[in-house]
Amino acid sequence: MVTATHDPAHDSAQARLIRLPQLKNRLGGVGTSTVYGWLNDPEIALPRPIRIGPRAVAWIENEVEDWIANRAAKRDAETALTESGRAP
């Protein structure tokens, strides 16, 4: 795992970077082509990687965690609406 300073809101927090194998594992073992397909699908909106070298990219771990949490929250909201008899 690579660690780098990331400062989106001018804070000094340390951001952990994860490479493709860790990302795929975090996403339930999906394949490489699925990850890159999700990057190009606006409905899925997987966080974009950052370039860490001439031929290397990584994802900011917190962004991936937030994306997963948002997907789960959206699912739960849709499930609650469906169970209450209203369509999403």
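A salt bridge is counted where a side-chain nitrogen of Lys or Arg lies within 4 Å of a carboxyl oxygen of Asp or Glu. In the predicted model examined here, the side chains of Arg26 and Glu65 satisfy this condition and meet in a salt bridge, with a distance of 3.6 Å from N to O. Because Arg26 belongs to helix H1 (residues 20–26) and Glu65 to helix H3, this pair ties together parts of the chain that are 39 residues apart in sequence. With regard to accessibility, Arg26 counts as partly exposed at 32% relative accessibility, and Glu65 is likewise partly exposed, with a relative accessible area of 37%.

A search of the whole structure finds 4 salt bridges, and one of them is formed by the side chains of Glu61 and Arg16, for which the N to O distance is 2.8 Å. This pair, too, links distant parts of the chain, since Glu61 lies in helix H3 (residues 61–83) and Arg16 in strand S2 (residues 14–18), 45 residues apart. The two partners fall into separate accessibility classes: Glu61 has a relative accessible area of 9%, which is under the 20% cut-off, and Glu61 is therefore classed as buried, whereas Arg16 is partly exposed, with a relative accessible area of 41%. Taken together, Arg16, Arg26, Glu61 and Glu65 are linked in a network of salt bridges.

A further salt bridge joins Asp76 to Arg75, the closest N and O atoms of this pair being 2.7 Å apart. Both values of relative accessible area place these residues in the partly exposed class, with 40% for Asp76 and 49% for Arg75; the latter value counts as partly exposed because the exposed class is reserved for residues over 50%.

Turning to the strands, S3 (residues 50–53) and S4 (residues 56–60) run antiparallel and are joined by 3 bridges. These strands, S3 and S4, form a hairpin in which 2 residues stand between them. At the level of individual residues, Gly53 has Ala56, in S4, as its bridge partner. As a general point for reading such an element, the side chains of a regular strand alternate between the two faces of the sheet.

Technical notes: Residues numbered from 1 in each chain as written. Predicted model: local features only at pLDDT ≥ 70, side-chain atom pairs only at ≥ 80, totals over all residues. Heavy atoms only, no water. Pairing = 2+ DSSP bridges. Helix = DSSP H or I, 4+ residues; strand = E, 2+ residues; numbered from the N terminus. Buried < 20%, exposed > 50% of the residue type's maximum accessible area, 1.4 Å probe, protein only.
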